Amino acid sequence: MSAYSKEDKHIFFGRDEETKLLYDLVKKNRVVLLYGPSGTGKTSLVSCGLAGKFETTDWFPVKISRGENINDSLVRSLAIIGNEIGVLSSQQLKPQEIIEEIYSEYLRPVYLIFDQFEELFVFGSRDEIQVFMSTLKSIIDAQLACRILIIIREEYLARLYQFEKTIPSILDRRLRVEPMLRDNLLTVVKSSCASFNVGFDSPDRTPQKIVDNLEHVRSGMALPYLQVYLDMLYKRDFRKTFKRERVGEEMPELKFSLEEVEKIGDIENVLELFLTEQVSDIEQRSAASHPVITRDFIFRILDVFVSENATKRPVAYVLQNGYKTLPNDLFPGIEEKDQSALRTVIRELELNRVLLDNEGSLELAHDSLAALIDKTRSEEQRRINRIRKRLENAFYEYESSGVLLNKEQLYDVTVSTHELQPYLKGEWLDFISKSKAAREKEENLALAREQKKRRTAMIVAIVGFVLAGLAMIAFIDARSKSRQIVAQALEIEALQAQNARNLIEQ
């Protein structure tokens, strides 16, 4: 699952064109961006393909991953080299000053290679990004014998636009690493097998069937899948042929048959078998000393190393009594008495190359493993992860536009506070606190408006009632007066009639 290195260039196939294009770009430009989908072999293209094009005397590569903070990682990586050549005094030098000293010592251009750069946007803070942009600009402006190569997954490419105001050229020179086409995959399969003394019962059909099985991956063939697939096929064929396991680096002649390729199935099946085998091995080896180490226990630990996007998530560790220990709040369901079992599983996962050490942090060997672990998550875990993702997106929007969480978003976060606690950064907590204050203020204003509206309505109702009463009184009074007028008129009419009768009688 590891990336290819320069020592593997004799077995690195299928990327000749991309290697040449990248080599030409980095030789001619101060800043180069390498991007593409996960699993396309970006790191291998640099660590093996590009490294293989350079003579040792032509470049001085410095590989930097974010770790816990990209600025600390950059300074630490340069300081280690600075200490080796004795250029660091008690006064801390700036990165550009160390780069200048390295060039003076070795007379080779320094290549700063920032791998998995998307982690800066997934896990980094706004301050961390701002400091890094300023440092990068200082290195570029210093006009040093230095090249900068940034490796990033393409779905995070848009996040680099915030760098353009500080470093206008950051997106000018870039190369996309495409998923391998079928013809290239066939070349890789045939060439790799030949390098390990493996033939085919049918030179045409069997390699074609292997590629068919690999192409079952819906989102494109990730090259680490190919490594796992061929490794498992090799081990099974070796056991079948020699009735034993392979010893050391021996490479006796083998032959892959169409039947066994069909039997092993597609890549999804092989990857699940791979991860299941690793977990099962750890469970069996630990059964006597730690009965708590079950499949579920191991997957609960693995889940910590998977982001809500189903990609790998680096986790910082500290050394305690020779063990790599992770923060306890990442494992809220694991009791104190099981800490020894937790450390044992982490050590075993690293020994089995499921976890890799990356400058003070542990991470999964590849995103392909993260995708498999994500499939084991419960609906409750997925719900929490969805909330975490929405919170992350909302925070990113807040940083650019100042928009706080709305009522529904705040409700989701509030009811899941306990489950989210291990993942909430300080700046996220501040963001949530500001959102709560803003929503409470809105609610208080809305309540005040509603109360005012009700008071106004009540006053209107009272006034209306009084006016209606007065109208009724006026109506009754008018009706009474009308009756009096009618009565008086009748009396007058009766009196007039009586007078008329009296006149007639007379």
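A helix here is a DSSP run of H or I with at least four residues, numbered from the N terminus. Keep that in mind as you click along, and remember that this model is predicted.

**Stop 1: the second largest cavity**

Select helix 9, residues 223-242, together with helix 11, residues 267-286; these are the elements that give two or more residues to the lining of the second largest cavity. Which of the helices provides the largest share of that lining? Helix 9 does, with six residues.

Now show the side chains of the whole lining: Val228, Asp231, Met232, Lys235, Arg236, Arg239, Phe274, Glu277 and Gln278. The space they enclose is about 70 Å³. Try colouring these residues by class, and you should find five charged, three nonpolar and one polar.

**Stop 2: helix 7 beside helix 9**

Keep helix 9 on screen and add helix 7, residues 182-195. The two axes come within 12 Å of each other and cross at roughly 35°. This crossing is right-handed.

Where do the two helices touch? From helix 7, pick out Leu185, Val188, Val189 and Ser192; their partners in helix 9 are Leu223, Leu226 and Leu230. In this contact, six residues are nonpolar, one is polar and none is charged.

**Stop 3: the largest cavity**

Next, move to helix 5, residues 119-123. How many residues does helix 5 give to the lining of the largest cavity? It gives three, the most of any element.

To see the full lining, select Gln116, Glu118, Glu119, Val122, Phe123, Arg153, Tyr156, Thr311, Lys312 and Asp367. Notice how the residue numbers run from Gln116 to Asp367 along the chain. The cavity itself holds about 90 Å³ of space. Its lining has five charged residues, three nonpolar ones and two polar ones.

If you are wondering how many cavities of 30 Å³ or more there are, the count is two.

**Stop 4: helix 4 and helix 6**

Select residues 95-106 for helix 4 and residues 126-141 for helix 6. Their axes lie 9 Å apart, and the packing angle is about 40°. Helix 4 and helix 6 are therefore oblique to each other. Turn the view until one helix lies in front of the other: helix 4 passes helix 6 in a right-handed crossing.

For the contact itself, show Pro95, Gln96 and Ile99 on helix 4, then Thr135, Ser138 and Ile139 on helix 6. Which classes meet here? The contact divides into three nonpolar and three polar residues, with no charged ones.

**Stop 5: helix 15 and helix 16**

For the last stop, select helix 15, residues 379-401, and helix 16, residues 407-415. The two pack at an angle of about 130°, and their axes are 10 Å apart. That angle makes helix 15 oblique to helix 16. Is the crossing left-handed or right-handed? Helix 15 and helix 16 cross in a left-handed way.

Finish by showing the residues that meet: Ile387, Arg390, Leu391 and Ala394 come from helix 15, while Gln409, Asp412 and Val413 come from helix 16. Colour them by class once more, and this contact shows four nonpolar, one polar and two charged residues.

Definitions and conventions:
Residues are numbered from 1 along each chain as its sequence is written. This is a predicted model: local features need pLDDT of at least 70, side-chain atom pairs count only at pLDDT 80 or more; totals for chains, interfaces and linings use all residues. Side-chain values use heavy atoms; hydrogens and water are left out. Axes are lines fitted to C-alpha atoms, for helices over the stretch in contact, and angles run from 0 to 180 degrees between N-to-C directions. Angles under 35 degrees count as roughly parallel, over 145 as roughly antiparallel, 65 to 115 as roughly perpendicular and the rest as oblique. A crossing is left-handed if the near helix is turned anticlockwise from the far one by less than a right angle, and right-handed if clockwise. Contact means heavy atoms within 4.5 Å. Ala, Val, Leu, Ile, Met, Phe, Trp, Tyr, Cys and Pro count as nonpolar, Asp, Glu, Lys and Arg as charged, and the others, Gly among them, as polar. On a 1 Å grid over the protein atoms alone, a cavity is a set of points where a 1.4 Å probe fits but cannot get out, and a pocket is an open set with protein on both sides within 12 Å along at least five of seven lines; lining residues have an atom within 4 Å of a point. Grid points are joined across faces, edges and corners, and a volume is the space filled by probe spheres set on the points.
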